[in-house]
Amino acid sequence: MKTNTIDFNTLSKNIDEIADKWDISGGVAIVADGKIVHKKIYGYADRKRGIPASPDSTYLISSMSQLFLGLSIMQLVDWKQVSLDDTLDKYIPEFIHAYRITIKQLLFHNTGIPDYFYSRKMIKLSKSKQHQALSNQERFQVERYEYESPISYKDVFEIVNSIPLEFEPGTRTSDWSISNIVFLEEIIERVSGLNLIDYQTRHILKPLGMTQSTHGCNANTVSYGVIQETVPVRLPLVKQLDHTYITTIDDIVKLAKGIVNRQIVSKKAWKTALMYDDEQMSIIAQNANGIACSEDTVLGYEFNLYFDQQAKIAYIQLTNEAQIIKRVHGEWCYFRKDLRQAVEKETTFPKNTSIKPYSEKNFRDVTNLAINENQQSFVCDVKSGLCYAFARPKVRKPYILMEGKRSIGLMVLSIDRRKSFYNVDVLLVDKKYQNRGFGKILLSGGLEILKQKGAKR
């Protein structure tokens with residue numbers, strides 16, 4: 001059985017191999033217990049010209065990302081300047097639907113406010129013969145710049161104030177609209193008296209010591225977007241973006257440390273900010289198999305931060321090239337997924353283990369559970385196990401072994417009290433977590449459930 005000691009040397013080597021496999025560009029870092037246990041730069045600052053990336057390479061991140069906007073709002077909540085349950089008419093009374101929408105609904109994107117870009121700009125581009133005559137790559141470049149190009153709150157207001165909401169606020173979950181982002185920015189600026197960049201520089205960047213992060217868009221790396229999941233498209237340097245910071249991997253490490261250590265906002269605010277809805281979304285992140293994941297994209301630049309405040313671990317990817325996605329053996333594969341699984345493999349041990357019924361809250365990660373090839377002759381895969389369970393849902397009950405909020409294994413129990421039949425039909429532990437005692441925990445827990453249901457043998 002593997003000990004509970006994390007082998008960061010092995011993990012670092014595995015990350016190097018994964019980075020080479022996916023030919024990534026940018027920085028990857030891991031912070032554990034306040035120490036940097038892995039930090040490397042890979043690939044290119046400019047792939048076309050063969051210029052390698054370096055520790056001094058700079059990248060773009062957005063002030064309007066879910067993470068930065070969420071932290072900004074939670075600071076104002078801490079200071080009792082706003083409440084998540086406040087309706088927008090308290091701050092933006094001129095908006096015709098303001099009395100129907102709360103700040104919390106803005107943060108969770110369930111307002112019904114139409115997306116000004118897709119409901120106006122993209123429709124206009126789709127009707128442009130000149131735009132449609134461009135090649136796929138040229139259209140992609142134009143549309144990416146249009147999406148990120150500066151637009152004022154006034155302009156967005158004039159678009160969305162004159163059209164109905166797309167649905168009743170609060171009746172859908174995570175229905176993304178960039179208009180929500182603009183309204184959040186406007187609330188922060190009206191309440192604080194500062195523009196968003198100045199607010200975040202003063203209250204987030206400086207307190208965390210992020211001295212290498214400045215307002216601007218002239219990063220010294222060249223970015224690439226991706227079309228059709230696998231085709232990279234070079235995006236030339238942009239001259240004007242009003243919502244971006246130029247940053248480095250070193251500064252993003254400082255950001256990760258601050259988040260893991262629950263800085264910037266109070267413990268109460270952190271708890272609220274990481275409370276997931278039914279879609280496993282929170283104010284600042286989404287749940288990615290038990291670890292919080294905050295993402296940000298700007299014109300091909302990508303920033304991904306995974307963190308677990310309880311385990312005091314965070315890992316980061318900061319890149320100037322959007323990730324390639326491939327379909328392998330029926331599953332979508334990409335660098336970030338491989339990175340996350342490599343970290344999970346080396347850092348997951350029985351500590352806070354529980355058995356939960358299979359449900360909407362865990363189904364996404366459960367379907368990714370996998371067994372070793374040499375086990376396939378005597379252990380069914382997870383999808384077959386679930387199909388088997390749902391063929392007789394009144395008798396067969398699927399349960400998930402969880403380590404914290406992470407899915408570890410699947411068990412299907414047969415419980416037929418009328419026939420006095422009780423059985424463990426399916427039991428599997430994901431190959432990443434085997435030989436650590438999880439199988440014993442799952443089987444023992446399953447037998448206890450059967451006893452509680454009336455099993456005598």
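How exposed is arginine 234, by relative accessibility? Arginine 234 comes out at 22%, so it counts as partly exposed. Keep in mind that this is a predicted model.

Let me stay with that arginine. Arginine 234 makes a salt bridge with aspartate 46. The closest N and O atoms are 2.7 Å apart. Now look at where the two partners sit. Arginine 234 is in strand E8, residues 231-235, and aspartate 46 is in strand E3, residues 44-46. The pair therefore ties together parts that are 188 residues apart in sequence. Aspartate 46 has a relative accessibility of 4%, so that end of the bridge counts as buried.

How many salt bridges does a search of the whole structure find? The search gives 19. As background, side chains of opposite charge can pair when their charged atoms come close.

Here is a second bridge. Arginine 190 pairs with glutamate 186, again described by a closest N to O distance, which is 2.7 Å. Both residues belong to helix H8, residues 178-192. They are 4 residues apart there, so about one helical turn separates them. Arginine 190 is partly exposed, at 36% relative accessibility. Glutamate 186 is buried, at 14%.

A third one. Lysine 432 and aspartate 430 meet through their side chains in a salt bridge, 3.0 Å from N to O. Lysine 432 has 13% relative accessibility and counts as buried. Aspartate 430 is buried too, with a relative accessible area of 1%. Elsewhere, Asp23, Arg47 and Glu321 are joined into one network by salt bridges that share partners.

Let me pick out aspartate 23 from that network. Which loop holds aspartate 23? The loop between helix H1 (8-22) and strand E1 (26-32). Its phi is near 55 degrees, a positive value in a residue other than glycine. Aspartate 23 is partly exposed, with a relative accessible area of 41%.

Isoleucine 264 also has a positive phi without being a glycine, near 75 degrees. You will find isoleucine 264 in the loop between helix H10 (249-260) and helix H11 (267-273). At 22% relative accessibility, isoleucine 264 counts as partly exposed.

One more loop residue. Serine 359 sits between strand E16 (353-357) and helix H13 (363-366). Serine 359 is partly exposed at 28% relative accessibility. Compare its position with serine 25. The two are 334 residues apart along the chain, and their C-alpha atoms are separated by 37 Å.

Now the aromatics. The count is 11 aromatic pairs. Why is the pair of tyrosine 306 and tyrosine 315 called stacked? Their ring centres are 4.9 Å apart and their planes lie at 10 degrees, so the pair is stacked. The cut-off for stacking is under 30 degrees between planes. Both tyrosine 306 and tyrosine 315 are buried.

Tyrosine 433 and phenylalanine 438 pair in another way: edge-to-face, with 6.4 Å from centre to centre and 75 degrees between the planes. Tyrosine 433 is buried, at 1% relative accessible area. Phenylalanine 438 also counts as buried, at 1% relative accessibility.

There is a cluster as well. Phe95, Tyr153, Phe157 and Phe183 are linked by ring pairs.

Next, arginines over rings. Arginine 436 lies over the face of phenylalanine 349, 4.8 Å from the ring centre. Arginine 144 lies over the face of tyrosine 147, at 5.0 Å from the ring centre.

Arginine 144 and tyrosine 147 bring us to the last stop, because both are among the H6 residues that contact H4. Helix H4 covers residues 116-126 and helix H6 covers residues 136-148. How do the axes of H4 and H6 cross? They come within 11 Å and cross at roughly 145 degrees. The crossing of H4 past H6 is right-handed. On the H4 side, the contact is made by Tyr116, Phe117, Tyr118, Lys121, Met122 and Leu125. On the H6 side, Val142, Glu143 and Glu146 join the arginine and tyrosine just named.

To recap two points. The bridge from arginine 234 to aspartate 46 ties together parts 188 residues apart in sequence. The stacked tyrosines, 306 and 315, are both buried.

Technical notes
Residues numbered from 1 in each chain as written. Predicted model: local features only at pLDDT ≥ 70, side-chain atom pairs only at ≥ 80, totals over all residues. Heavy atoms only, no water. Phe/Tyr/Trp six-rings, centres within 6.5 Å; stacked < 30°, edge-to-face > 60°. Buried < 20%, exposed > 50% of the residue type's maximum accessible area, 1.4 Å probe, protein only. Lys NZ or Arg CZ within 6 Å of the ring centre and 35° of its normal. Salt bridge = Lys/Arg side-chain N within 4 Å of Asp/Glu carboxyl O. Helix = DSSP H or I, 4+ residues; strand = E, 2+ residues; numbered from the N terminus. Axes fitted to C-alpha atoms, helices over the stretch in contact; angles between N-to-C directions. Left-handed = near helix turned anticlockwise from the far one by under 90°. Contact = heavy atoms within 4.5 Å.
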